[in-house]
Each structure stands twice: as structure tokens, then as C-alpha cells.
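Visitor: Could you walk me through this model, one question at a time?
Guide: Gladly! Here it is.

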Amino acid sequence: MPIKVPDNLPAKEVLAEENIFVMDESVAYHQDIRPLRIAILNLMPTKETTETQLLRLIGNTPLQVEAVLLHPKTHTSKNTSSEHLEAFYKTFDEVEEERFDGMIITGAPVEQLPFEEVTYWDELKTIMDWTVDNVTSTLHICWGAQAGLYHHFGIPKYPLEEKIFGVFPHVVTKPNTKLMRGFDEEFYVPQSRHTEVRREDIDKAEGLEVLSESEEAGVYIASSRQGKQIFVTGHAEYDPLTLKWEYDRDKAKGLRIDVPKNYYPNNDPTRFPRSTWRAHANLLFSNWLNYYVYQETPYDLGKAQKHALL
Ligand SMILES: CC(=O)SCCNC(=O)CCNC(=O)[C@H](O)C(C)(C)COP(=O)(O)OP(=O)(O)OC[C@H]1O[C@@H](n2cnc3c(N)ncnc32)[C@H](O)[C@@H]1OP(=O)(O)O
Ligand SMILES: N[C@@H](CCO)C(=O)O
């Protein structure tokens, strides 16, 4: 949350230089507060796990959040029960007349297919187009980020020779970006992908910039100029044991899979893994909710977002 200070306090300038968010009394006085409406388009097969991971992160701020769970209507889920979806989820046609302060579009294990072969691709394109005018800021994760970069900016994904699998050091490449406020110069993020997007394609695209990357794992976060669309290739939301679960799953299936990097002590999979990314995961989501959603969204959501950033 911003610090509210008297309008002319000298510390304001010093803190602003340090990238601390300071708000004038006069601005604070005029800020109205209401719960934020965040839609989560959950494309993961393991929906209950992902719900818990994302809600844990968006729940860790002083802001009240009303979460609306969505699943694609044009896809029949194999791994999540219809009872669960009926009880807790809506489909896009039920909310398309509504507006949201924020939206999260998750990953999905379909990255090795062309986008056009994904059963719900047409529906997802419709939803992604709708976000432009009806959501203040949309955060896309992993395959969701690849899909958003492809649909909105024509950026392709490329197959990797080896799955990027493990917890990798990342750096901030655009200092003083609000999304990366408070981040250490080097921080860790889980990555678990067979495909990648490339920095050279993002650099060529009008209106996009890379905010963070990793020498080994490539682009981590790209953003449209004012943060209306955020694309995150890694899985900051993963639980401490998610990579272990994926590793054990693939070993049990007899698939060729390396031990996830920088995860087990001494890279020894018989030992208990260590979580080294939790603090930055919380910071990423609270920065997004604060600076890109709460500070930007209109108090009256009914008045649409035609003005909004891109
Ligand atoms: C790159 C990223 O975004 S990473 C994020 C993805 N990560 C994960 O999903 C991790 C957790 N998932 C898993 O471990 C596995 O997918 C499992 C264990 C749940 C299921 O694995 P499998 O039995 O090998 O695959 P399965 O045949 O169930 O397909 C996996 C999913 O892809 C979906 N899928 C497969 N082909 C298509 C297609 N053409 N279009 C749309 N979805 C498809 C399946 O329907 C299923 O999703 P659903 O449960 O929502 O219906
Ligand atoms: N993180 C995913 C990658 C597959 O798209 C998994 O290992 O299941």
C-alpha cells in the first residue's frame, strides 16, 4: 500500500527516488475504496491446486479481493470434476457483460501444440480481445503468457531442446518498474516449460518491453507499456513441492526428465527440496494488484475502461 504523507514533506522526494510509493494527502483524500474484482481463467488440468496457489498470493495484501473463477466452456475437463466446476466456476458468457479490475489467465499443458489446435483457442481469443476493454490489467502465466503474446502481438513460441525445469536465478532488466519494486537484483523463480518466447521478438514488437529475464531460462516477464497486459513465463505461484510432483510424475511414466535444477539440496532428489522463490512470488502479485490494478482501475467499473492503458 502507498504511504500517505503531507503534500510537501521533504522525505517524499527521497522516498520517491528510492522507488517507494508515496501518495500526497490530497490524492489519498480523494481515493475511494471498494473490493477488487479479479477473474481467474483457470486453464490448468489440476484446477484445485492452481486455485489454491493463486488465491494464496492474491490474498496476501491488505486489499479486499472478490475472486471469480472461470473455465473454458468449449472444453470438457478430463482432470477436474464437473461437480467442482459447477459448484465454483462460471464460463465467459456468464460474465461478459461485467467488468473486472484484474484477470489472471493461467498456464496449461498444451504448449507443444500449435495454438490453433487447442480445443478452446477460439474462445480464448474472444476472451483475450474482451480483456482489452473490460479488464484494467491482465496477468498471463506460462502458456497463458505465450497465448497472449501470440494473440495480441504475433509473437511465436519455439520448442526447446531440453525442458527448462528447475528454479533459476533471474534479474530485473528494467529498473524502476512498478511491477518489480522491492525485488532483489537477483531472485529465483520456478520454470517448467518445453517451449520459449524470445527476447528479440519481444524487442521488435510495438508497445512491449521485457522487465525481467534469466541467463539460463530466458524472458521471465514482459509487459505492455502501461502494464495493461503482463506476461509471466515462470511459475512464481508454484508450491514448494510442485516441481517434485512433476519430476516424480515424469519418472514414474518412464519419461526422460532431468532432476529440476537448483531445487534439491546438492541437486540430490532424495533430499527434501527448498523453496527459494516464495517472497518474490508474493511481491510480484502484490505489486501487480497494487500498482496495475488498484491504483489504475476506475472506482466505478461500470464506466468501462475505454480510456485504459495499452
Ligand atoms: C507451459 C505451462 O503453461 S505449464 C502449466 C501446465 N502444467 C500442468 O498442467 C502441470 C499439471 N498437469 C499435469 O501434471 C498433467 O497434465 C496431468 C497429470 C494432470 C494429466 O496428464 P496426462 O494424463 O498426461 O494428460 P491429459 O491427457 O490429461 O492432458 C492434460 C491436459 O491437457 C488437455 N489437452 C490435451 N490436448 C488438448 C487440446 N488439443 N486442447 C486443449 N486441451 C488439451 C487435456 O484435456 C488435459 O486438460 P484438462 O484436464 O483441463 O481437460
Ligand atoms: N509444467 C508443465 C509443463 C507441461 O506443459 C508440466 O511439467 O506438467
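Guide: A term to begin with: two residues are in contact if their C-beta atoms, placed from the backbone, lie within 7 Å. This is a predicted model, where local features need pLDDT of at least 70 and side-chain atom pairs count only at pLDDT 80 or more, while totals for chains, interfaces and linings use all residues. Residues are numbered from 1 along each chain as its sequence is written, and chains are lettered from A and ligands numbered from 1 in the order in which they are written.

Visitor: Among contacts in the protein chain between residues at least 6 apart in sequence, what percentage join residues at least 24 apart?
Guide: The count takes in contacts between residues at least 6 apart in sequence. Of these, the share that joins residues at least 24 apart is 72%.

Visitor: How many helices and strands does the protein chain have?
Guide: Helices (H or I, at least four residues) and strands (E, at least two) are DSSP runs, numbered from the N terminus. By that reckoning, the protein chain has ten helices and twelve strands.

Visitor: Which strands are the edge strands of the open sheet?
Guide: Two strands pair if DSSP finds at least two bridges between them. Ten strands form the open sheet with mixed pairing, in the order E5-E4-E3-E6-E7-E12-E11-E10-E8-E9. The edge strands pair on one side only, and they are strand E5 (89-90) and strand E9 (186-196).

Visitor: In E7, which residue is the bridge partner of Ile105?
Guide: Strand E6 (residues 100-105) pairs with E7 in the parallel sense over five bridges. For Ile105, the bridge partner in E7 is His140.

Visitor: Which residues does UniProt list for "active site"?
Guide: The record is an unreviewed entry; its positions are given in the numbering used here, feature names are shortened, and annotations may be inferred rather than shown by experiment. The residues it lists are Cys142, His235 and Glu237.

Visitor: Why do they gather at one spot?
Guide: They span 96 residues in sequence. They gather at one spot because no two of their C-alpha atoms are further apart than 10.9 Å.

Visitor: Is Cys142 buried or exposed?
Guide: Cys142 sits in the loop between strand E7 (135-141) and helix H7 (143-153). A residue is buried if 20 or more other C-beta atoms lie within 10 Å of its own, exposed if 12 or fewer, and partly exposed in between, with C-beta atoms placed from the backbone. Cys142 has 25 other C-beta atoms within 10 Å, so Cys142 is buried.

Visitor: Leaving aside its neighbours within four places in sequence, which residues is His235 in contact with?
Guide: His235 lies in the loop between strand E12 (229-232) and helix H9 (242-252). With 24 other C-beta atoms within 10 Å, His235 is buried. Leaving aside neighbours within four places in sequence, its contacts are Cys142, Pro190, Gln191 and Ser192.

Visitor: How many of the eleven residues of H7 are buried?
Guide: H7 is mostly covered, and its buried residues pack against E6, helix H6 (121-134), E7, E9, strand E11 (218-224) and E12. Trp143 and His152 are among the buried residues. Of the eleven residues of H7, the number buried is eight.

Visitor: Of the 22 residues around ligand 1, which come nearest?
Guide: A residue counts as near a molecule if its C-beta atom, placed from the backbone, lies within 6 Å of it. There are 22 residues around ligand 1. Those that come nearest are Pro45, Asn79, Gly107, Cys142 and Trp143.
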